[in-house]
Amino acid sequence: MTRTLFLVVFLVGLVAQFVKPVGDALEGKVYLGGALLCLVGYVLYAEVQRLNAGLEQYARPRVAALVRPRDLDPHFKEALEARGEVHIAILGFTGETVVEALKNILWDLSELSANERRSVHLRFLVPDFTKPIEIPGRVGADGKVADAPAFRRDLLRQVRQHEEKLTEEKHRMRENRRGALSVEFRVIHMSPSLKLYLINNDVVFEGIYDKIALRNDARRADDSGEPGEGGGQRVDPQGYESLLTRWHWSDGEDARTNIVRRRAYFETLWHVAHDLSEVVAARPGPGAS
C-alpha cells in the first residue's frame, strides 16, 4: 500500500511537470499533498510498530503453562489411551506422586480391536537408596545433615513396591487386550532435587522439590529389627505442591529446544544409571556403607 501511494504521487508529479493542464489543475493543492504525506507517514508508522511487536514476541521466550503434580493425570491418560508406541519417562524421588495414578489409568485403558496395538513403556529414574546419602537424611547431633540408613531402607522399600505395582499390570493388560507394558526402574547416586516427566517426544513437565520438611522421627527400629534414627529430625524433600512448567512441541521454538535438552539430560542419566533389581541383589541392604 505504501509503495503504491509513493508511486502514484511520483507519477502525478511527473505528469504535472510536463503536462501543463495537469500542472495547472494541481497548482495550489498544497493541502492535498500534505494529506498524502500524512497518510504515507501513518502507514509507515503502523508498519514499524507491527514489526517491532513481532520482533519483541520472537525475542521473548513464551511463558509455558504451570501445573501441579496432581494435575498430571489427564495428560498421562491422553497419552496412554493412544494406539501404537507410548513412552513415559520420569525422574523423581520414589515415584509415589504418579505411580498410583498410572496404575489406575492402565487398569481403565480402552480395549483394543484385533488390528490395533498399544505398547506402553514406563521408565523411572530414582536415587540409589542403597548408598549413604545426606538428602534425604537426618539432622545429626551437631545440627548438620547426615545419612539416615533406616530412612533409606524405608524409601528403598517404597520404590520396590512401586515397581511391583506397575509390573503387576503387565499380565492383566495382555490378557484383557489393553496392550503390552514394560516397566523399568533404574537408580543413580544423587539427591532428589528435580522432577521431570517426559511424555513421548511431545511434552515435558519439569519442576523442583521446592520444600524441605523437617519431621520428628520417633522410630527406634524398623521392620528389619535394626535401630532407627529415633529422637532426631528427618530431612525430607517434598514435591507434592511443586509448580511444574509444561512444554509442548507445538508451543514454538523455545518449547522444542527445552524438550530436546530435557530429553537428552534424562537419556544421559538413564544410560549411566543402574538397574534397580541388580543394585538390590548386589547389596544386602542400604544400611551398609
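In what sense do β1 and β11 pair, and over how many bridges? In this predicted model, β1 and β11 pair in the antiparallel sense, and three bridges connect them. Within this pairing, V67 stands opposite L244 of β11. The protein that contains these strands comprises nine helices and 12 strands, and buried residues account for 38% of its 289 residues. Of the contacts between residues at least 6 apart in sequence, 75% join residues at least 24 apart.

The pairing of β1 with β11 belongs to an open sheet of eight strands, whose order is β1-β11-β8-β7-β2-β3-β6-β12 and whose pairing is mixed. The edges of this sheet are occupied by β1 (65-67) and β12 (274-275), each of which has a single partner strand, so that one side of each is left without a neighbour in the sheet. Helix α6 (residues 149-167) packs on the sheet, where it touches β3 and β6 (180-188), and the direction of α6 makes about 165° with that of β6.

Strand β11 (residues 244-248) is also joined to β8, in this case by four bridges, and the two strands run antiparallel. Along this pairing, E206 stands opposite T245 of β11, while V203 has H248 of β11 opposite to it. Strand β8 itself, which spans residues 203-208, is mostly covered, five of its six residues being buried. Strand β7 (residues 194-199) pairs with β8 as well, again in the antiparallel sense, over six bridges, and in this pairing L198 stands opposite V204 of β8. The two strands β7 and β8 form a hairpin with three residues between them. One residue of the turn, N200, has a positive phi of about 50°, although N200 is not a glycine.

Elsewhere in the sheet, the pairing of strand β2 (residues 84-91) with strand β3 (residues 118-127) is parallel and involves eight bridges. The bridge partner of E85 in β3 is S119. Strands of a sheet pair through backbone hydrogen bonds, in either the parallel or the antiparallel sense, and both senses are represented here, with β2 and β3 running parallel and β7 and β8 antiparallel.

Helix α6 also has a helical neighbour, α5 (residues 96-107), and the axes of α5 and α6 come within 10 Å and cross at roughly 15°. That angle makes α5 roughly parallel to α6, and the crossing of the two helices is left-handed. On the side of α5 the contact is made by E96, V99, E100, L102, K103 and L106, and on the side of α6 by Q158, H162, K165 and L166. These residues divide into four nonpolar, two polar and four charged, and the contact of α5 with α6 is thus described by all three classes.

Several local features of the backbone were also examined. Most residues other than glycine have a negative phi, and most peptide bonds are trans. A cis peptide bond nevertheless joins I135 and P136, with an omega of about 0°, and P136 is placed in the loop between β3 and β4 (137-139). A positive phi of about 60° is found at R177, which is not a glycine. This residue, R177, lies in the loop between α7 (169-175) and β6, and R177 counts as partly exposed because its relative accessibility is 44%. The loop that holds N200, by comparison, is the one between β7 and β8.

Strand β4, which follows the loop containing P136, includes R138. With a relative accessible area of 29%, R138 is partly exposed. The C-alpha atoms of R138 and D236 are separated by 8.3 Å, although these two residues are 98 residues apart along the chain.

How values were computed
Residues are numbered from 1 along each chain as its sequence is written. This is a predicted model: local features need pLDDT of at least 70, side-chain atom pairs count only at pLDDT 80 or more; totals for chains, interfaces and linings use all residues. Side-chain values use heavy atoms; hydrogens and water are left out. Buried means under 20% relative accessible area, exposed over 50%, partly exposed in between (1.4 Å probe, protein chains only). Two strands pair if DSSP finds at least two bridges between them. Contact means heavy atoms within 4.5 Å. Axes are lines fitted to C-alpha atoms, for helices over the stretch in contact, and angles run from 0 to 180 degrees between N-to-C directions. Angles under 35 degrees count as roughly parallel, over 145 as roughly antiparallel, 65 to 115 as roughly perpendicular and the rest as oblique. A crossing is left-handed if the near helix is turned anticlockwise from the far one by less than a right angle, and right-handed if clockwise. Ala, Val, Leu, Ile, Met, Phe, Trp, Tyr, Cys and Pro count as nonpolar, Asp, Glu, Lys and Arg as charged, and the others, Gly among them, as polar.
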